[in-house]
Amino acid sequence: NASWNFEKKPYRLKFDKKQSPLGAPASAKKWTLISNHGDKTLMRNILAFEVSRRVGQPYTPFCHPVDLIINGEYRGCYQLCDQVEADEDRVPCEDGYLIEIDAYAWDEEVMFASASGIPVTIKHPDEDDITGAQQNFIADYFNKMEAAVFASNFTSETAGYRKYLDLDSFLKNFIVGEFAGNTDTYWSVYMYKDAADGKLYTGPIWDYDLAFENDLRTYPINNLSDYIYASRGSVASEAMRSMVSRIVKQDPAAKARLLELWTAARTEGGLDDLNEMVDELEVLLQESQELNFKRWKILNQYVHMNFQALGSYDKEVETVKKYIDGRLEKFDKLVRR
């Protein structure tokens, strides 16, 4: 929503027939071109998607950096991505539901507010196909999940919130948001239900251009004494904060599982070596970033939520690398306390 106000616009790309550009897993007509205008490294979303893969989320959007030319005019370095939609090789819920806990839900055609006031947009079935019965079903299911989180027996594996919510995908999404340092993790978060009798899965991740220390509201992240979602500057409804706290702080079994998933992501998933990918992306993007910042002369400007303007691409990338090194240590302490 905010990115449409930037001078470097995001776009949606629609082919006349389904295809898989640049080796994407999905074959589809609709794709997105993300501008990453407020991210002077042009790689934060790519890194976040990689964190999601290394954590082991069931589905992570495909992405690849591209140079965009429209009608002979160079528009900059963009990120070609899947569109977040229910489809084969995309969000696995063609026979179910895709929803978004969404601060902008009140502006959408098909939405509901939960019993505690959490705004939710229904993305699939879309506004042209969804029936009143389907809308009522998913709203009722979300409310049952929410009520179970706040119930006195919420830690019960059979009668508590696990009856409605897939715990592993919720915790993996939590790790991605908190490790990557996303201020908006619970301002906008997707969830999907793969069938009428399936649980709610959390994901896929999306919109991480303000992550990896790129947001004045939460800078410096590694100096915060608590998780980002519970700290100053983070954006979420109080009900959503409370739901997250009930799961990651007050459920002993969920806390233990969070540590297991984090440990596996560091060692088996390779998060400890994420800065190697930063180095690879810096090489890959070198010529593209030079062209981008000739087109958009913003290296010395504060854009969107930037807390600094270092004037150099190399220095911006170094900020990400220092953040990752510090976050590995700090998040490890937060998970273990």
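**Salt bridges in close-up**

**View 1. E260 and R257 are joined by a salt bridge between their side chains.** In this predicted model, the N to O distance of the pair is 2.8 Å. Both residues belong to helix α5, which spans residues 252-267. E260 and R257 lie three residues apart in that helix, so about one helical turn separates them. E260 is partly exposed, its relative accessible area being 47%. R257 is also classed as partly exposed, with a relative accessibility of 27%.

**View 2. R266, D272, D332 and R336 make up one network.** The four residues are linked through salt bridges that have partners in common.

**View 3. R217 pairs with D215 in a salt bridge.** The contact is made by the two side chains, with 2.7 Å from N to O. D215 has a relative accessible area of 1%. This residue therefore counts as buried, the cut-off being under 20%.

**View 4. A salt bridge connects R75 and E73.** The closest N and O atoms of the pair are 3.3 Å apart, which is within the 4 Å allowed for a salt bridge. The two partners fall into separate accessibility classes. R75 is buried, at 18% relative accessibility, whereas E73 is partly exposed, with a relative accessible area of 34%. R75 is placed in the buried class because its value is under 20%.

**All views.** The pairs shown here are among the 23 salt bridges that the structure holds.

Key: Residues numbered from 1 in each chain as written. Predicted model: local features only at pLDDT ≥ 70, side-chain atom pairs only at ≥ 80, totals over all residues. Heavy atoms only, no water. Buried < 20%, exposed > 50% of the residue type's maximum accessible area, 1.4 Å probe, protein only. Helix = DSSP H or I, 4+ residues; strand = E, 2+ residues; numbered from the N terminus.
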